Amino acid sequence: MSSAATTSRNTRMIKSNKKEKKVLRPKPKPKPKPSKLQQAEEKYVDTESMSSSDTESETPSTPATPSDTRQRRQRLTQSERLANQLPSGFLRNETNPMRYFFVGFYARSGVHVSRHPGFRIGLKTSAFVSLHKLLHRCGVPSPVFKFATIDSTSTRYKAGQLAQVLWGYRNEEENSTIIVDFGFPSVKTHRSDVELLETFLPHHKRRNAFFLAFLLGYTMANGHINYRFETSTPDGMSIVYKGLQFSSPDLGFLNWIYKELNSLGCDKLQLRKRGGITPASQKAETEHVQYYLIIYNTPANRDVLAYGLVYLERKRIPLDGKLQMLKDFLQAPESTLPGTAASQRKESFHAYISQVRDDPVACVVAQDLYELDLYNLNVILTAVGFCKNPLKSIHDFDLGAFITFIKGLDGEPRNTFQKLLLQYYRSCGTRPADHANIRDYAHKEVSQESRCPQCDKSFASVYNMRRHMLSFHDQGEPLSCRFCDKKFHKLYQRKKHYDTDHRAEREAEQSALSCREEGCEGVTFTKKADLNSHKLICHTAVDTRTFVECPFEDCTSTFRTRTESNKHQHEKHGGLYKPPLGPPVICQIEGCGRSYKYKRSYKAHLKNKHPGISI
């Protein structure tokens, strides 16, 4: 046999052996079934579960097999997941002002997706329009939202369960851990890194503009506009801007904002701890303490914030209702807007839902919209096409017509915002609570009795009216200085006077509050009452003391001080002694007729409601 024939025969045998080996190979093992936690996370990110309005209308004629469902899920994941993500390198672009605005917004409203790195934002359900506009401006082509119900019923209105609008996705390469790299706090890192915060803003001419973009983004997520109600004329109520307030458990982060605002020229800022003022250099002791940063209404502060808002508009960054309201406050004369720009919380909740009282789902919608001011309400109404022009008054909103408009969209929504509105309305169908327990909640009305006789302004209470008269009309009893003849209208003014002009006298006064008895030299006290209590306990003979007896019957215990007596009553008798109540005290003023259990409550009523009348 020739060599060529032998070679071809060997080649055929090798090929046949390869084929046999290929046939004899074991099949690959099937992939393990995902755990319940992985299924829940896939359900959160899966666009099919987030956009149920698109899939519910399609009813297949034949039941889908598991392979068909898997292929459809993969097709939706490939097509819509990319359109639901931020552009690659968005958070690394140091020259894009939208990056700083989004980081400020995400630093407060964003969290980490569990087990998988990515982005996740959760806001109130009524913020879905503003959130969609923000993400679309950031470069997300088609944001996909999910309305998730919180297992908690509203304690204020009790019309239904609370809920959130969620947006997020998973990404291994670029995710929200970059926010921590910038030094900001997060779910995993509860405290900011001050050194990294100092390097977050680039050092060039637009640094101040980028910081204001960050601050206003943080304002959109967390800021609170402080204003007060006033009546300059008997016919109309107005709201006056007082300042901008932020809250955070991270004092280092608020300190960083405080220093940056000082460098921009802001002249009246305050870091406040819940329950008192906190120095800017103090460090947080626990994670549960809440701190506040207040930017008061001064010309310098208004100029800084107005410059930031103009910069956002020039860069086409969308403003939500809160920032639009802040812009109008800063541009308005005397920082005053009509009272119709505030929310409808002055009206009772039962009156607000009177047209839709028999519809439980509509009551849930009313619960979400009731506290919105005119600006945030107009953002929703104009985006979904309910009205072409923004409303000029909060009282022009017709809740019944809005519910009818939503129900008419069930057939064919025309734009993205109408689809989101319809998705939101369907989620409200799972939230109603017991219809009979809806509370008739209403904020306190402004009392007409507390009107200033000099300038005709009215206030929420007689106390506020008296404080106004003392500050602006020099009426009332001024506060006198103990060391000189100066008088002051406010307590903090007298305290500042003491610290600057009478520091030596105050120190001498403190040294006078010291015990001079033998064995207690150098023991000082901040209050004269503490010194007297010390002398009574430590340096008074037993036979000359006045003891405090327990007021309960059949108890003969005596104590050196009333504090010890109160402690004894709590420990041995379950609480302080309450004398038996007599007949109720009824107000004799014509047209009043209120009754009170205690005389002290009746005195407080006369002081607040009927000034000038005493018992």
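**Exercise 1. Work out what share of the contacts in the protein chain with a separation of 6 or more comes from residues 24 or more positions apart.**

Start with the contacts whose partners have a separation of 6 or more; residues 24 or more positions apart account for 58% of them. Keep in mind that you're looking at a predicted model. For the wider setting, the chain holds 24 helices and 16 strands. Of its 615 residues, 40% are buried.

**Exercise 2. Find how helix 10 is oriented against helix 12, and which kinds of residue make the contact.**

Step one: locate helix 10 at residues 207–222 and helix 12 at residues 299–314. Their axes come within 9 Å and cross at roughly 90°.

Step two: angles of 65 to 115 degrees count as roughly perpendicular, so helix 10 is roughly perpendicular to helix 12.

Step three: look at who touches whom. Helix 10 brings residues including Phe 210, Leu 212 and Leu 216, while helix 12 offers, among them, Val 304, Tyr 307 and Gly 308. Sorted by class, that's 12 nonpolar, 1 polar and no charged residues.

**Exercise 3. Now do the same for helix 10 and helix 11.**

Step one: helix 11 spans residues 251–264, and its axis lies 11 Å from that of helix 10, at an angle of about 135°.

Step two: that angle makes helix 10 oblique to helix 11. The crossing is left-handed.

Step three: on the helix 10 side you'll find Arg 207, Phe 211 and Tyr 218, among others, meeting residues of helix 11 including Trp 256, Glu 260 and Leu 264. The tally here is 10 nonpolar, 1 polar and 2 charged.

Methods: Residues numbered from 1 in each chain as written. Predicted model: local features only at pLDDT ≥ 70, side-chain atom pairs only at ≥ 80, totals over all residues. Heavy atoms only, no water. Axes fitted to C-alpha atoms, helices over the stretch in contact; angles between N-to-C directions. Helix = DSSP H or I, 4+ residues; strand = E, 2+ residues; numbered from the N terminus. Parallel < 35°, antiparallel > 145°, perpendicular 65-115°, else oblique. Contact = heavy atoms within 4.5 Å. Nonpolar A, V, L, I, M, F, W, Y, C, P; charged D, E, K, R; others polar. Buried < 20%, exposed > 50% of the residue type's maximum accessible area, 1.4 Å probe, protein only. Left-handed = near helix turned anticlockwise from the far one by under 90°.
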